[in-house]
Every structure is written in structure tokens, then in C-alpha cells.
Amino acid sequence: MPHNKQPTQFGRDDIQIEATDVVYNGYFKMIKYRFRHRLFAGGWSEVIDRELFERGHAVAMLPYDPVSDKVVLVEQIRVGAW
């Protein structure tokens, strides 16, 4: 019998922004976020502080090991992706 269970999907309702503060606004912008997020195990995290370096377009990287033919995936909240 095939395994049809969908992975847990997180969306915009799974993060609560407590506060934002622009700590620098010049050639680029630096914003401090205070937030909490829903946990995979259920419930909510403690309040987390993160600074976001806002400079426009960005890139992503997918770590790949050609010897083992595997990629690395990390389950982690990323404020910039929000």
C-alpha cells in the first residue's frame, strides 16, 4: 500500500510577528524582527529576535554531495523567506 501522508505544510498563519524595528536604512536596510512560530511538534516557539539584511534580490543554494548523490534539506524558520 503506498504511503500517501502529505508532509506538514506551514504558511503565513504559522508565524506571529511581535515587533519590527528598522535598525539601519541607507544603501541597504536592516530590520530587526521579533517573532514566534508554530513548532512541528505542536504549540509555539518562544519569541525569537532576528535581523534581516534587506538588499533586494537574493539567491538560494541546495547543498549536493555527488559522491553519495544526496542533497541536504534543513527544517528551519527563515524570516527572509516569510
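I began with Asp14, which I located in the segment before strand E1. The model I am consulting is a predicted one.

**Entry: Asp14.** Is Asp14 buried or exposed? I looked up its relative accessible area and found 15%. Asp14 is therefore buried, because the cut-off for that class is under 20%. I next examined its side chain and noted a polar contact of 2.5 Å with the side chain of Arg38. I then listed its contacts, setting aside neighbours within four places in sequence. Arg38 appears in this list too, together with Gln9, Arg36, His37 and Trp44.

**Entry: E1 and E2.** I turned to the strand that follows the segment of Asp14. Strand E1 covers residues 15-25, and strand E2 covers residues 29-37. How do E1 and E2 run relative to each other, and how many bridges join them? I found them antiparallel, with nine bridges between them. Three residues lie between E1 and E2, and the two strands form a hairpin. For one position in this pairing, I recorded that Ile17 stands opposite Phe35 of E2.

**Entry: the chain as a whole.** I counted five strands and zero helices. Read from the N terminus, the order of elements is β-β-β-β-β. Of the 82 residues in the chain, 12% are buried, and Asp14 is one of the buried residues. I also checked contacts between residues at least 6 apart in sequence, and 28% of these join residues at least 24 apart. Finally, I noted an accessible surface of about 7,500 Å² for the chain. Carbon and sulfur atoms account for 52% of that surface.

Definitions and conventions: Residues are numbered from 1 along each chain as its sequence is written. This is a predicted model: local features need pLDDT of at least 70, side-chain atom pairs count only at pLDDT 80 or more; totals for chains, interfaces and linings use all residues. Side-chain values use heavy atoms; hydrogens and water are left out. Two strands pair if DSSP finds at least two bridges between them. Helices (H or I, at least four residues) and strands (E, at least two) are DSSP runs, numbered from the N terminus. Buried means under 20% relative accessible area, exposed over 50%, partly exposed in between (1.4 Å probe, protein chains only). A polar contact is a pair of N or O atoms within 3.5 Å; within protein, one must be able to donate a hydrogen and the other to accept it, and residues adjacent in sequence count only if both atoms are side-chain atoms. Contact means heavy atoms within 4.5 Å. Accessible areas come from the Shrake-Rupley method with a 1.4 Å probe; for residues, only the protein chains shown count as cover.
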